[in-house]
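Please open the model in your viewer and keep the selection tool at hand. The tour proceeds one selection at a time.

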Amino acid sequence: MTVTLNLNAPLAESSTRRTLADISLSVAKCKKIVIVTGAGISCSCGIPDFRSSDGLYALVKEQFPDVVMKGRDLFDASLFRDQTSTSVFYTFISQLKRSIDSASPAPTHEFIKRLDNKHKLLRSYTQNIDGLEEKAGLLSSLSQEAGSNMKGKSKLKADEVRNIQLHGDIRRVRCTICSVDLLCTEEFLCMFEKGTAPDCPECTLRSEARIARSARPLKIGSLRPAIVLYDEAHPMGDDIGKIQSQDMARKPDMLIVMGTSLKVHGLKKLVKEFAKAVHTSASSTTGSPRRVKKWQGKVVFVNKTPPGTEWSDVIDYHIMGDVDKWVEKVTEDWRRIRPSDWEIQPMLDEHGNFKSAKDKGRTLGRPTGKSKQKLGVENALPVDGIPFPSIITKSASNTPSSPSKRRQSISHYSDLDSSPRKRRDVAKAYNKANKCLLFVDATNSIPQTDEGLTMDPFGSPFKHPGRRPRTRTISASTEIDIKRPRTNSGTLRKKPWVEAAARP
């Protein structure tokens, strides 16, 4: 049963405020959130939606009353059958493209990017063709960095693509014959404004090359906006289906649907499948019954209009109100409930000084491969002749991520925080050069004469500087001198002989 919550309800309704706070807590705690968005999240950017009273369908019907009966007809694949409707379509799309170029991301787009920076976003699926998610910093499925080549046949990089464009991108154009995907330049846009379609440059080059070698010319295709119309297949539908299956297998723990009326059949199917996966992951059992956490398994629908009756068993909460206001409230509650999630992580630079690290996407705080070696502090080698440098002390504000974790030193070569056994081994290794002395203390170091000879503590010099027979004191008046003379073959004897001598 869907619970409706009015975002603009009076503050006196404590039950509504408590439920909204619980939803904000779920957003703060969940780690695999799936976002599904529609045109409603871009209305604050000056881009109209489709089905509202002042939306695109009403605008099309007002501008071209003699061409289309309904506004939806201008976004149907059958419009290419008639030259007049095709010309009107190109003119209208060019006007919409210019308005989108001047738009900036809304707070909702920034919120989705923030979830990605906090490593909580599993994937974003959008019906929008404005590309504002990519302007906010999310890598979209139709961008060149996503892996699509000129033919549009290469597989998407599922680990890198953060936003799936279900209905295409108005900023790009596609050939009707060779399916080449190009950026919509000013030249192409000016021709669309006149109601004509530009010729495909790729088809033109191939045709001219065949004519140069006296071959039959190829048919030249025309460019059209790279958006998906009604009753039209998505050119990358197979890749998107594989990514959706992978995301469902990863067991998402929350689904947020924002700014859409849920009227398109393909989107309705996608939302129902993800909602089923979210509810299943929250109530699933693995071997033994698992305690279901209250903040897991929620399906939230944020829109000004309520969903239909078919969604009563699918959507848990319907938040009635503006999408931007809701994401601002969630961010405010998140900062109050979990302030540690918003602390700036201090990092060490190349010189060992602390600096503030800003969020830079999913790679923040997860160095792998060569990036670990660039830190230059974690496993620092001995420097300046000191075999075991002192520990670089951390600031008091840089606390461990968990109280149960044991505080570790900056360098594992350090001996100050090591165990007693390691300290003994370190002391032996550090005093290896002075192992012939009586004691480690520098006060018992052997003096040298002006001629470079080492003076025995008892007054007799010997030839090798810094070396003397190893001795061990037995009593105050007796010592044992251990000498190891060599045999004729140059090897040491197995058993050294011991000579006890009395010292005056």
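Begin by selecting Tyr125: at 0% relative accessibility, this residue counts as buried, a term for a relative accessible area under 20%, whereas exposed means over 50% and partly exposed lies in between (1.4 Å probe, protein chains only). This is a predicted model, in which local features need pLDDT of at least 70 and side-chain atom pairs count only at pLDDT 80 or more, while totals for chains, interfaces and linings use all residues. Residues are numbered from 1 along each chain as its sequence is written, and side-chain values use heavy atoms, with hydrogens and water left out.

**Aromatic pairs**

A pair of aromatic rings is described by the distance of the centres and the angle of the planes. Rings of Phe, Tyr and Trp (its six-membered ring) pair if their centres lie within 6.5 Å; planes under 30 degrees apart count as stacked, over 60 as edge-to-face and the rest as tilted. How many aromatic pairs does the structure hold? There are seven aromatic pairs.

Select Phe75 and Phe92. Their ring centres are 6.1 Å apart and their planes stand at 85°, so the pair is edge-to-face. Phe75 is found in the loop between helix H2 (56-63) and helix H3 (83-101), and Phe92 in helix H3, 17 residues apart. Helices (H or I, at least four residues) and strands (E, at least two) are DSSP runs, numbered from the N terminus. Both Phe75 and Phe92 are buried.

Next, add Phe274 to Tyr125. The centres of these two rings are 5.4 Å apart with the planes at 50°, so this pair is tilted. Tyr125 belongs to strand S3 (residues 121-126) and Phe274 to helix H9 (residues 265-283), so the pair ties together parts 149 residues apart in sequence. Phe274 is buried, with a relative accessible area of 0%.

Now select Phe80, Phe89, Tyr90 and Phe192, which ring pairs link into a cluster.

**Charges over rings**

A charge sits over a ring if NZ of Lys or CZ of Arg is within 6 Å of the ring centre and within 35 degrees of the ring normal. Select Lys118 and Trp342: the charged end of Lys118 sits over the ring of Trp342, 4.6 Å from its centre. Then select Lys272, whose charged end sits over the ring of Trp311, 5.3 Å from its centre.

**Cysteines**

The structure holds zero disulfides, a disulfide being a pair of cysteine sulfur atoms within 2.5 Å. Select Cys200: the nearest cysteine sulfur, that of Cys175, is 3.6 Å away. Cys200 is buried, at 0% relative accessibility.
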